[in-house]
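Here's a quick briefing to read alongside the model. Have a look at the structure first, then come back for the notes.

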There are 2 protein chains.
Amino acid sequence: MTGQDRIISARWIIPVVPEHAVLEQMALVIRDGRIHDLLPRTLAVGRYPDAERLDLPTHALLPGLVNAHTHAAMTLLRGLGADQSLNVWLEQFIWPLEKRWMDREFVKAGSRLAIAEMLLSGTTCFNDMYFFPDATLEAAELMGIRMMAGLPVIGFPTRWAESPADYLRRGLELRDRYTHNARVRFALAPHAVYSVDEATLKLLSTLASELDLPVHMHLHETRKEVEDSIRIRGMTPIAYLYHLGLLNARLIAVHLTAVGPDEIRQLADAGVSAVHCPESNLKLGSGIAPVERFRHAGIRVALGTDGAASNDDLDLLGEMRTAGLLAKGAGGDPTALPAGELIRMATLEGARALGLETEIGSLEVGKSADCIAIDLSAPATTPCHDPVAQIVYAATRNQVSHVWIAGTPRVVDGRLVPDELEDILSTARNWEDRLSRGVRGEEAV
Amino acid sequence: MTGQDRIISARWIIPVVPEHAVLEQMALVIRDGRIHDLLPRTLAVGRYPDAERLDLPTHALLPGLVNAHTHAAMTLLRGLGADQSLNVWLEQFIWPLEKRWMDREFVKAGSRLAIAEMLLSGTTCFNDMYFFPDATLEAAELMGIRMMAGLPVIGFPTRWAESPADYLRRGLELRDRYTHNARVRFALAPHAVYSVDEATLKLLSTLASELDLPVHMHLHETRKEVEDSIRIRGMTPIAYLYHLGLLNARLIAVHLTAVGPDEIRQLADAGVSAVHCPESNLKLGSGIAPVERFRHAGIRVALGTDGAASNDDLDLLGEMRTAGLLAKGAGGDPTALPAGELIRMATLEGARALGLETEIGSLEVGKSADCIAIDLSAPATTPCHDPVAQIVYAATRNQVSHVWIAGTPRVVDGRLVPDELEDILSTARNWEDRLSRGVRGEEAV
């Protein structure tokens, strides 16, 4: 595959590797979907005279953001049951609506909306866990975003599958069909220790090892999850996963709010990747993950938004800010989780958690050209004494102007390419009508 | 004064009073700068056939936001010293830069930028505390925003004033000159108990009472402030203010992170208004104000952004979200500070703290037409099952489409009226160059 080279010059380039680098007046050259060169802008045109050129004079160029934990299709349930207790939220809102409405069409419409929202806010890769992953994959392929599809396994039937064995069979069949798309990866995605039986977890442990697949799982989300596990099986969920052979470098463990020093050592020794979802954890009152202690223990920490039903958006810029403010505030230390580290968590550490660090996560020659531009000329990011701080503490998602994935433009001047947004939104609004009749009890749920 | 009536119809109107009301398909009628009527949209045109009409089919209309604590001009120092300890931030960044650069021109440029940012993000009234309040007032008058100007008093000289008595004299003279603008109010603004001497605080206590002026003051921002006060004078800052006659319903007390049950009772008994600045408190590691306990004790709580140097923006929508997430997360209770209450804090409670509740803070007939529209048709706020939750948990400032203050449009379709933004930004960028040479040591600071 060949195509025209593309030169993108920007006021700032934040390559993430090397650490702390903020390059000024440099240009990035894309060839065949990969980063081919990174050089002073004054030299770029001379060296690549036939390239297409884009100059971004008030922008920062950085690697595409990696959302390390989502339930994309849940955008259709956005904001439902806000400010309710966890039980009311699940039992009166989320579960009845999913039971009544969640099917392939629901997942496709919700996934398209989620992908539009993610692309427009600078996310170029997401790690998903939901039913009908085939529908989410189809939307991701069409819209060009990079995705790790979790093959869901849970201990109750849905329209997607009947039983744990059925979930697993359907998931693996789906994986077998997707050998053609380099932007798609797979993980086994058992929901949690309390919702998947022991025999199934043992089977997943064996399969993960034989097929060399990541395992994407909620873990220690709440104190109750930990206390229940100790009461039922005499050990924490982390100890239980160790016992099952699942606590290892393949594990992408999401939430981890209820952990003490022993658990932190176990996670570090096993090489587990942690995914921090601060907004969901705060909004549901689940707890606060001790991210600074994870980092000091050498645990890799990526960032995730969780689903839009508990966040209520899929905005990694906002998530970076919340993670930073929370780490400083919870520990009373303004030097905790500095802005550069937050950008690293949302890019390279996310890529590492997904096993994609040789392909994405930094702007290095040879990697896939997954990059985004953020326009820092808005009033709230002016003056811009420190572009890294401004991206984290003051920019909003609306300042993401451009997104490329494997060198292909997916957002240009703040608009999707191709611009299917109106169709996506009007489909979502139709779902809004159907679901709200359900919430109001105008039809049996 | 007469003028053409204006009908604004919107998909949702959130009037704040009555509590919890979300009106659908209603219209608000503005006459002579005031809210003249609130009626079904289908009746509005018949009743006011000659009115100008604006239809906002995907928007929520709500009262203008009240930013109850700012240092507007500090926008020019945005992001400087991010992620540093409080001492390094103040001693190596903020104070030397202020000492070298802070003058009337600095305050004017920073205030214009701040007001542009606030108007564009839906703030229609702000409570400021900074030097050269005459320059901030001048910008506020020109740009049409409502303002409470703090008359600053601090125990060290600046270019604005030499001594506490000089600060006070200049402030009161300024107040005497502003009897002509109903959108401008004044407060006495002693910086804090540790930076203003006792004799001056006693004088301010007398003046506040004689002139019936609010007192705007930082209070219990950090544990250190409280401990120092106990060491020096044997009592907390709150007890000290009580002793000085300053702890009363005129006091607008900002921060209040380090307070226990005794202090909460003292604040409640005195009728003090609290201003919660969660992002600044988190970013500086100052602590977390116990907002839910304030509310249960009957203390009025307003919201503020603090200055952009410690936030790094003046975005009350973002501040509402952070306040909500933090209250839920810190207490482990997802029902804490529900979305409707956060909107109330950012509108009516702010107006009450400033003594302006008969004029602004809710969409009630007779009040000034200070209102804003937020477009909820963006991907991140679609579907919109719950507009109140979506405004708080998912909308960004860029979705503020229209702003009126006393019936005059100040933002239309996301643009300032008149659109002086380019001039404001280019002046701010000139300051960026000068200040950054100062930070890099290219000239003596």
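Leaving aside neighbours within four places in sequence, which residues is Ile391(B) in contact with? Ala60(B), Ile343(B) and Ile374(B), where contact means C-beta atoms, placed from the backbone, within 7 Å. Bear in mind that this is a predicted model, with local features needing pLDDT of at least 70, side-chain atom pairs counting only at pLDDT 80 or more, and totals for chains, interfaces and linings using all residues. Residues are numbered from 1 along each chain as its sequence is written, with chains lettered from A in the order in which they are written.

**Around Ile391(B)**
- Ile391(B) sits in helix H14 (residues 387-393) of chain B; helices are DSSP runs (H or I, at least four residues) numbered from the N terminus.
- Ile391(B) is buried, with 28 other C-beta atoms within 10 Å (buried takes 20 or more within that distance).
- Gly340(B) is 51 residues away along the chain, yet its C-alpha atom is 9.6 Å from that of Ile391(B).

**The cores**
- The largest nonpolar core (buried Ala, Val, Leu, Ile, Met, Phe, Trp, Tyr and Cys residues joined through C-beta atoms within 7 Å) has 156 residues, and Ile343(A) is among those touching the most other members.
- Helix H3 (residues 104-120) of chain A gives this core its largest share, 10 residues.
- Domain 1 (6-63 + 370-413) and domain 2 (65-353) of chain A both contribute, so the core lies between them; the bounds come from an automatic or database domain assignment.
- Another core, of 155 residues, lies apart from it and includes Leu303(B) and Ala394(B).

**The two copies**
- A turn of 180° and a shift of 0.0 Å along the axis lay chain A on chain B with an RMSD of 0.0 Å (least squares on C-alpha atoms of residues with pLDDT of at least 70 in both).
- That is the relation of a two-fold axis.

Notes. Buried ≥ 20, exposed ≤ 12 C-beta atoms within 10 Å, placed from the backbone. Helix = DSSP H or I, 4+ residues; strand = E, 2+ residues; numbered from the N terminus. Contact = placed C-beta atoms within 7 Å.
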